[in-house]
Amino acid sequence: MDSIGSLGLQQREGAPSCPQEGLPCPSNSSELVQECLQQFKVTGAQLRQIQTSLLDSMEQALKGQASPAPAVRMLPTYVGSTPHGTEQGDFVVLELGATGASLRVLWVTLMGIEGHKMEPRSQEFVIPQEVMLGPGQQLFDFAARCLSEFLDALPVGNQGLQLGFSFSFPCHQTGLDKSTLISWTKGFRCSGVEGQDVVQLLRDAIQRQGTYSIDVVAVVNDTVGTMMGCEPGLGPCEVGLVVDTGTNACYMEEARHVAVLDEDRGRVCISVEWGSFSDDGALGPVLTIFDHTLDHESLNRGAQRFEKMIGGLYLGELVRLVLAHLARCGVLFGGYTSPALLRQGGILLEHVAEMEDPSAGAARVHAILQDLGLNPRASDAEFVQHVCAAVCTRAAQLCAAALAAVLSRLQHSREQQTLQIAVATGGRVFERHPRFLSILQETVMLLAPECDVSFIPSVDGGGQGVAMVTAVAARLAAHRCLLEETLAPFRLTREQLAAVQAQMREAMAKGLQGEASSLRMLPTYVRDTPDGSERGDFLALDLGGTNFRVLLVRVATGGVQITSQIYSIPECVAQGSGQQLFDHIVDCIVDFQEKQGLSGQSLPLGFTFSFPCTQLGLDQGILLNWTKGFNASDCEGQDVVCLLREAIGRRQAVELNVVAIVNDTVGTMMSCGYEDPHCEVGLIVGTGTNACYMEELRNVASVDGDSGHMCINMEWGAFGDDGSLSMLSTRFDASVDQASINPGKQRFEKMISGMYLGEIVRHTLLHLTSLGVLFRGQQTQRLQTRDIFKTKFLSEIESDSLALRQVRAILEDLGLSLTSDDALMVLEVCQAVSQRAAQLCGAGVAAVVEKIRENRGLEELTVSVGVDGTLYKLHPHFSSLVAATVRELAPRCVVTFLQSEDGSGKGAALVTAVACRLAQMTCV
Ligand code: 0WK
Ligand code: BGC
Ligand code: BGC
């Protein structure tokens with residue numbers, strides 16, 4: 001075991017060799033020895049007290065209790081599952097800290113077949129004292145040099161290597177490859193490392209070394225490596241216990257019990273860091289003056305008190321302090337001491353293990369004591385063995401009390417009365433000390449009789465286990481790369497969005513001039529926004545969104561009152577004959593009139609018809625083509641106002657005066673314009689998407705007149721149908737388009753609107769599943785079902801208030817069995833798809849408001865946009881992303897987005913009211 005320096009104890013310069021402060025020398029020797037040995041006796045009650053108090057601290061820490069700070073840290077390790085046995089590949093493992101003043105490099109080959117194992121190749125390097133206490137960079141450079149020296153001996157060529165970093169110190173982990181050192185323990189005290197990400201420090205050192213391309217993909221605590229390295233046949237082990245220079249344990253906790261994790265399913269490995277356990281109530285009574293002396297002279301005074309009673313780094317020192325005391329009292333070695341006996345670190349674990357080993361016999365004890373420069377008498381050897389046994393027995397019992405606390409925690413967390421568990425053990429105290437494990441086992445059986453515990457020594461100190469975690473991390477890292485690759489086309493740059501804005505401007509100009517353009521720029525014959533003088537009762541229809549609504553709109557001095565009723569449009573009607581569709585609409589109107597006591601009244605009616613129509617007048621709209629899943633026959637190319645009037649005609653005793661047909665964007669603009677005169681743009685992001693705005697009449701080639709304005713229905717859903725958006729289109733967009741009832745059409749809409757986002761996500765998830773990135777590569781029937789992944793799921797999954805667990809619930813309802821990593825990746829897919837949609841929509845709005853600003857030759861334009869549509873209204877981030885994109889691309893426009901409260905039905909009624917007001921004025 002390590003020399004004095006690496007014992008983490010301070011050298012006491014020039015201290016006179018005199019009896020231990022505060023320790024009287026009683027009259028007879030055996031009484032004195034008994035008195036000393038008695039101090040190391042720990043009663044059952046004390047062990048139970050320690051077990052209980054440690055359990056309390058563990059549960060306080062799990063709950064995230066901040067103050068008083070729990071005595072143990074309970075650090076999540078991002079290891080969520082014990083090995084599947086399928087992990088395979090070659091991995092380099094670097095172990096630092098488990099064995100004190102040495103580090104180890106291993107080459108581990110995982111066969112991926114249960115039970116098949118290749119003996120790892122390894123090499124140990126002694127870490128010089130000045131490196132353990134020097135600048136952090138020096139330590140990591142030393143590690144990088146050892147790595148490359150080890151690899152020099154292997155035929156690795158220049159292949160990329162994956163490394164697992166076993167770093168045996170308390171760390172806050174924020175990922176499998178991100179870990180910040182909290183504090184050094186066990187004789188290490190390098191500067192500039194605490195509070196730093198040790199993975200980055202190692203990566204930087206490997207970079208500086210520059211000899212091998214090594215990717216550090218995982219960092220694990222040695223207890224985790226020990227647990228994961230447990231022979232699959234015998235395990236799986238769900239507890240990892242290390243007693244080497246230091247001591248600690250990890251175990252698999254139910255994720256829902258770990259407050260800092262937003263998880264409610266599955267398990268996560270927790271590193272207890274019980275070395276820092278220091279409950280005065282529990283530990284006070286068992287701490288001896290020798291423990292206080294050792295701590296006082298240690299590098300980390302006051303810290304790791306529990307570890308300093310158990311860890312191999314300290315056992316030898318405790319024995320030395322006792323022997324030195326007894327020698328000074330003349331009880332041992334004839335009162336003679338030696339430099340080695342007085343020198344801290346003079347007695348190492350190896351010495352203690354040998355001297356205590358009953359098979360070693362007194363002769364071996366003599367030899368060791370003579371090596372320490374002592375001249376032991378016959379009785380001395382026996383006393384020394386008793387002291388060694390007392391120190392190590394206490395260590396094993398205390399370790400057992402701690403382990404019993406972990407077992408009790410497992411019983412609580414799994415609500416099990418009895419527990420059958422396998423504990424992987426690692427560390428040289430287990431390997432070297434003859435009785436440590438047996439004392440531990442006996443004491444655990446006393447303290448946790450309802451637990452059936454099997455202890456499984458880890459084969460190679462956890463190297464295999466670290467390689468397992470590295471394999472899992474490598475798999476996750478590879479998956480992350482594939483995920484990034486898959487989502488990259490959805491991540492639009494500012495340049496790409498500005499290009500979309502410019503292309504839309506160009507298409508707008510061409511459309512207004514009647515030139516070939518994917519933007520039809522349809523005049524709507526709405527020349528003015530309401531001026532508030534409108535009055536009267538109006539019927540309104542609202543067809544084309546999620547719901548078909550019939551509304552009674554009363555426009556009075558006090559404002560607008562709306563009574564409405566939602567009716568469904570069954571798919572068979574939406575895709576049946578036009579006559580059937582319009583008859584269905586009239587049926588709904590009649591039903592509404594009856595319910596509202598309006599039967600027989602012929603109120604002016606405004607018809608919000610949310611499909612592309614060429615308008616020849618306010619009450620004439622030729623349907624150009626259906627969109628959004630509608631496909632009723634014999635309608636395209638027809639004047640839908642006529643079709644409605646014919647349907648009214650077919651229905652006896654119904655009289656309706658269809659005054660206006662408006663697009664839902666126009667209805668929304670008018671509805672919001674009634675409250676805010678600045679509202680000159682209408683935007684819909686719902687089942688479909690589209691925008692309209694008030695254009696200068698002089699710019700509308702197809703309508704006579706050079707003054708005044710005309711509201712233009714852009715029909716931007718079709719933007720890019722000429723292929724101008726192909727550079728942005730992904731393979732998933734193509735799949736959605738090909739599967740739609742209007743392939744090649746409405747390309748812009750199919751990247752933005754609610755009818756399609758869910759499908760884009762579904763196709764992306766199918767692709768990632770086929771790559772094995774998601775759902776362990778298991779394709780499920782459900783996920784292959786069209787429209788099974790609703791766009792509303794995106795809004796739910798992306799809502800900040802939804803914990804990952806709820807994301808899982810949504811996906812499990814889809815019959816998907818998934819891990820938390822899967823849920824996270826699905827969330828990222830949803831975010832990428834909706835972010836692109838919002839940004840494209842923002843680029844469109846930026847094009848429109850810039851057009852208005854330039855139309856009016858303004859330096860700065862203040863304008864409001866009336867918005868409606870389920871996606872825009874319900875998605876947690878869509879509206880803010882649209883606004884942010886508009887601010888970015890149209891910085892000279894101050895744009896206010898007004899969410900329409902009453903939908904566009906009110907707008908249609910207002911358009912009708914304006915038309916009626918204008919008609920009355922011309923009659924007067
Ligand atoms: C509500 C409007 C209606 C429009 C719809 C669009 O009243 O005219 O078509 O919003 O949103 P969606 O219902 O398609 O989500
Ligand atoms: C460290 C632990 C480590 C244990 C065993 C302790 O000093 O804080 O992280 O697991 O030693 O090596
Ligand atoms: C239609 C537009 C409508 C938009 C929003 C699109 O599919 O073509 O007329 O405004 O959906 O509902």
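## Chat about F775, a pocket and three ligands

Colleague: Where is F775 found?

Modeller: F775 is in the loop between α24 and α25. Keep in mind that we're looking at a predicted model.

Colleague: Is F775 buried or exposed?

Modeller: Buried, because its relative accessible area is 3%, and anything under 20% counts as buried.

Colleague: And what's its phi like?

Modeller: Phi of F775 is near 50°, so a positive value in a residue other than glycine. For context, most residues other than glycine have a negative phi.

Colleague: Okay, what about E415's phi?

Modeller: E415 isn't a glycine, yet its phi is positive, at about 45°. You'll find E415 in the loop that joins α13 (378–413) to β12 (419–426).

Colleague: Buried or exposed, that E415?

Modeller: Exposed, because its relative accessibility is 63% and the cut-off for exposed is over 50%.

Colleague: Back to α24 for a sec. Which pocket lining does α24 give the most to?

Modeller: That of the second largest pocket, where α24 supplies five residues.

Colleague: How much space lies in that second largest pocket?

Modeller: About 1000 Å³. It's lined by 38 residues, and K628, T687, G754, M755 and D787 are the closest to its centre.

Colleague: Which elements supply at least two residues of that lining?

Modeller: They are α18 (571–574), α22 (731–739), α24 (754–770), α25 (791–797) and α28 (870–874).

Colleague: How does the lining split by class?

Modeller: The second largest pocket is lined by 16 polar, 15 nonpolar and seven charged residues.

Colleague: Let's do ligands. Which residues come nearest to ligand 1?

Modeller: D542, T546, T687, T870 and S904, out of 15 residues around ligand 1. T687 turns up here and also among the residues closest to the centre of the second largest pocket.

Colleague: What does the side chain of T687 do with ligand 1?

Modeller: An N or O atom of the T687 side chain sits 2.5 Å from an oxygen atom of ligand 1. The D542 side chain also has an N or O atom 2.5 Å from an oxygen of ligand 1, and for a polar side-chain atom of T546 the distance to a ligand 1 oxygen is 2.7 Å.

Colleague: How much of ligand 1 does the protein bury?

Modeller: Ligand 1 exposes 370 Å² when taken alone, and the protein buries 91% of that. By class, the shell around ligand 1 has ten polar, four charged and one nonpolar residue.

Colleague: Now ligand 2: which residues are closest?

Modeller: T185, N221, D222, E273 and E307 are the closest of the 15 that surround ligand 2.

Colleague: What are the polar distances for D222 and E273?

Modeller: A polar side-chain atom of D222 is 2.5 Å from an oxygen atom of ligand 2. For E273, an N or O atom of the side chain is 2.5 Å from a ligand 2 oxygen. The protein buries 100% of the 310 Å² that ligand 2 exposes when taken alone.

Colleague: Which elements give two or more residues to the shell around ligand 2?

Modeller: α6 (222–228) and β10 (247–254). That shell holds eight polar, four charged and three nonpolar residues.

Colleague: And ligand 3, what comes nearest there?

Modeller: Of 15 residues around ligand 3, the nearest are T627, K628, D664, E715 and E749.

Colleague: Which ligand 3 atom pairs with the D664 side chain, and how many Å apart are they?

Modeller: An oxygen atom of ligand 3 lies 2.6 Å from an N or O atom in the D664 side chain. For the side chain of N690, the distance from an N or O atom to a ligand 3 oxygen is 3.1 Å. F611 comes in through its backbone, with an N or O atom 3.3 Å from an oxygen of ligand 3.

Colleague: How much of ligand 3 does the protein cover?

Modeller: 99% of the 310 Å² of accessible area that ligand 3 has on its own. The elements giving two or more residues to its shell are α21 (664–673) and β23 (689–696).

Colleague: Last one: where is the place of S900?

Modeller: In the loop between β26 (893–899) and α30 (903–923). S900 counts as buried because its relative accessible area is 1%. A polar atom of its side chain lies 3.0 Å from the backbone nitrogen of G903.

Definitions and conventions
Residues numbered from 1 in each chain as written. Chains lettered and ligands numbered in written order. Predicted model: local features only at pLDDT ≥ 70, side-chain atom pairs only at ≥ 80, totals over all residues. Heavy atoms only, no water. 1 Å grid on protein atoms, 1.4 Å probe; cavity = no way out; pocket = protein on both sides within 12 Å on 5 of 7 lines; lining within 4 Å. Points joined across faces, edges and corners; volume = space filled by probe spheres on them. Helix = DSSP H or I, 4+ residues; strand = E, 2+ residues; numbered from the N terminus. Nonpolar A, V, L, I, M, F, W, Y, C, P; charged D, E, K, R; others polar. Near = heavy atom within 4 Å. Polar contact = N/O pair within 3.5 Å; in protein donor to acceptor, adjacent residues only side chain to side chain. Areas by Shrake-Rupley, 256 points an atom, 1.4 Å probe, with all protein chains shown as cover. Buried < 20%, exposed > 50% of the residue type's maximum accessible area, 1.4 Å probe, protein only.
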